[in-house]
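Biologist: I'm new to reading models like this one. Could you put it up so that I can ask you a few things?

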Amino acid sequence: MENDNPNLSGQAEAILFASGEPLPLERLAQVLGVRVYVVEEILTKLQRKYNTSKSGIHLLILGDSAQFCTNPAFIEPVRQALDLRRNTPLSQAAMEVLAVVAYNQPVTKAFVEQVRGVDCSGVVGSLVQKGLLEERGRLELPGRPLLYGTTENFLRCFQLASIEQLPPPPGEEDASEETGEDAEDGEGDLEQISFE
């Protein structure tokens with residue numbers, strides 16, 4: 001069997017630790033000489049080992065990639081030790097733009113502005129600069145406006161494995177209960193989403 005090698009877990013752990021960046025599971029499988037499902041089993045075991053309240057590091061699975069990160073509970077002493085500046089929290093406008101894009105991507109800036117009712121140029125530019133949004137091509141309409149979507153960095157910041165893990169927008173659950181529909185099938189009020 002592929003996962004008979006007792007060193008696979010240690011090898012995967014060492015590779016992920018040394019990487020420092022999200023590493024595609026396919027690449028990890030290639031290096032270890034196993035199939036992706038074996039890597040997924042190894043990572044599940046590593047998550048059980050590391051993702052505890054007392055562990056200093058956690059293993060994040062970000063869609064089709066994985067990365068070690070600091071346990072959020074211990075971020076303050078890490079900041080102090082490394083003399084890191086505190087990141088400026090996102091404004092309400094930035095959170096609203098992120099929510100609109102996350103639930104409807106890919107979207108144009110004009111779509112976001114239509115939903116929010118105000119100009120979003122500065123906010124979209126700032127979110128692209130922070131690596132939370134990225135350009136996803138152009139819409140086939142006159143003027144060929146840019147399309148935007150969320151990034152892997154967005155998933156990492158909000159500790160989501162994939163965009164499907166976003167909670168249903170408020171109001172959507174109530175509407176689906178009344179109609180008996182599945183909450184995931186509709187589009188709801190995107191401005192009220194809260195990220196935790």
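Modeller: Here are some questions and answers about this structure, which is a predicted model.

Biologist: Let's start with the open sheet of three strands. What is the order of its strands?

Modeller: Look for the edges to begin with: strand 4 (107–108) and strand 5 (133–138) each pair on one side only. Strand 4 pairs with strand 6 (residues 146–150) in the antiparallel sense, over two bridges. Put that together and the order reads 4-6-5.

Biologist: Okay, zoom in on strand 4 for me. Which residue in strand 6 does Val107 stand opposite?

Modeller: Strand 4 covers 107–108, and its pairing with strand 6 is antiparallel. Follow Val107 across to strand 6 and you land on Tyr148.

Biologist: Now helix 6. Why do its buried residues Val112, Glu113 and Arg116 end up on the same side of the helix?

Modeller: Helix 6 runs over residues 109–116, and Val112, Glu113 and Arg116 are buried there. They sit on the same side of helix 6 because they cover an arc of only 100° around the axis.

Biologist: And which elements help to cover those buried residues of helix 6?

Modeller: Remember that we're talking about Val112, Glu113 and Arg116. The cover includes strand 4, along with two helices: helix 5 (92–104) and helix 7 (121–129).

Biologist: What about the spot just after helix 6: which residue takes a positive phi there?

Modeller: Helix 6 spans residues 109–116. Just after it, a phi of about 80° turns up, and the residue that takes it is Gly117.

Biologist: Let's talk charges. With which residue does Arg116 form a salt bridge?

Modeller: Side chains of opposite charge can pair when their charged atoms come close. For Arg116, the closest N and O atoms of the pair are 2.9 Å apart, and both partners are buried. Arg116 lies in helix 6 and its partner in helix 5, so the pair ties together parts that are 20 residues apart in sequence. That partner is Glu96.

Biologist: How many salt bridges does the structure hold?

Modeller: You've just met one of them, between Arg116 and Glu96. Another joins Arg136 and Glu134, at 3.1 Å from N to O; Arg136 is partly exposed at 37% relative accessible area, and Glu134 is partly exposed at 33%. The structure's count comes to five.

Biologist: Glu113 has a salt bridge too. Which residue is its partner?

Modeller: The two are four residues apart in helix 6, so about one helical turn separates them. Glu113 counts as buried at 19% relative accessibility, while its partner is partly exposed with 27%. The closest N and O atoms are 3.3 Å apart, and the partner is Lys109.

Biologist: Over to His58 in strand 2. Which residue's backbone oxygen does the His58 side chain reach?

Modeller: His58 sits in strand 2 (residues 57–62) and counts as buried at 15% relative accessibility. The residues it touches include Tyr50, Asn51, Thr52 and Gln67. At 3.1 Å, its side chain reaches the backbone oxygen of Thr52.

Biologist: Gln67 was on that list. With which side chain does the Gln67 side chain make a polar contact?

Modeller: Gln67 is in strand 3 (residues 65–70), and at 9% relative accessibility it counts as buried. Among its contacts are Gly20, Glu21, Pro22 and His58. The polar contact, at 3.4 Å, is with the side chain of Arg156.

Biologist: Is Glu13 buried or exposed?

Modeller: Glu13 is found in helix 1 (residues 8–19). Setting aside residues up to four places away in sequence, it touches Leu46, Lys49, Tyr50 and Phe68. Because its relative accessible area is 17%, and the cut-off is under 20%, Glu13 is buried.

Biologist: Last one: how far apart are the C-alpha atoms of Val101 and Phe111?

Modeller: Val101 is found in helix 5 and counts as buried at 1% relative accessibility. Its contacts include Val107, Val112 and Tyr148, residues we met earlier in strand 4, helix 6 and strand 6. Val101 and Phe111 are ten residues apart along the chain, and their C-alpha atoms are separated by 9.1 Å.

Note on methods: Residues are numbered from 1 along each chain as its sequence is written. This is a predicted model: local features need pLDDT of at least 70, side-chain atom pairs count only at pLDDT 80 or more; totals for chains, interfaces and linings use all residues. Side-chain values use heavy atoms; hydrogens and water are left out. Two strands pair if DSSP finds at least two bridges between them. Buried means under 20% relative accessible area, exposed over 50%, partly exposed in between (1.4 Å probe, protein chains only). The arc is that of the directions from the helix axis to the C-beta atoms. Contact means heavy atoms within 4.5 Å. A salt bridge is a side-chain nitrogen of Lys or Arg within 4 Å of a carboxyl oxygen of Asp or Glu. A polar contact is a pair of N or O atoms within 3.5 Å; within protein, one must be able to donate a hydrogen and the other to accept it, and residues adjacent in sequence count only if both atoms are side-chain atoms.
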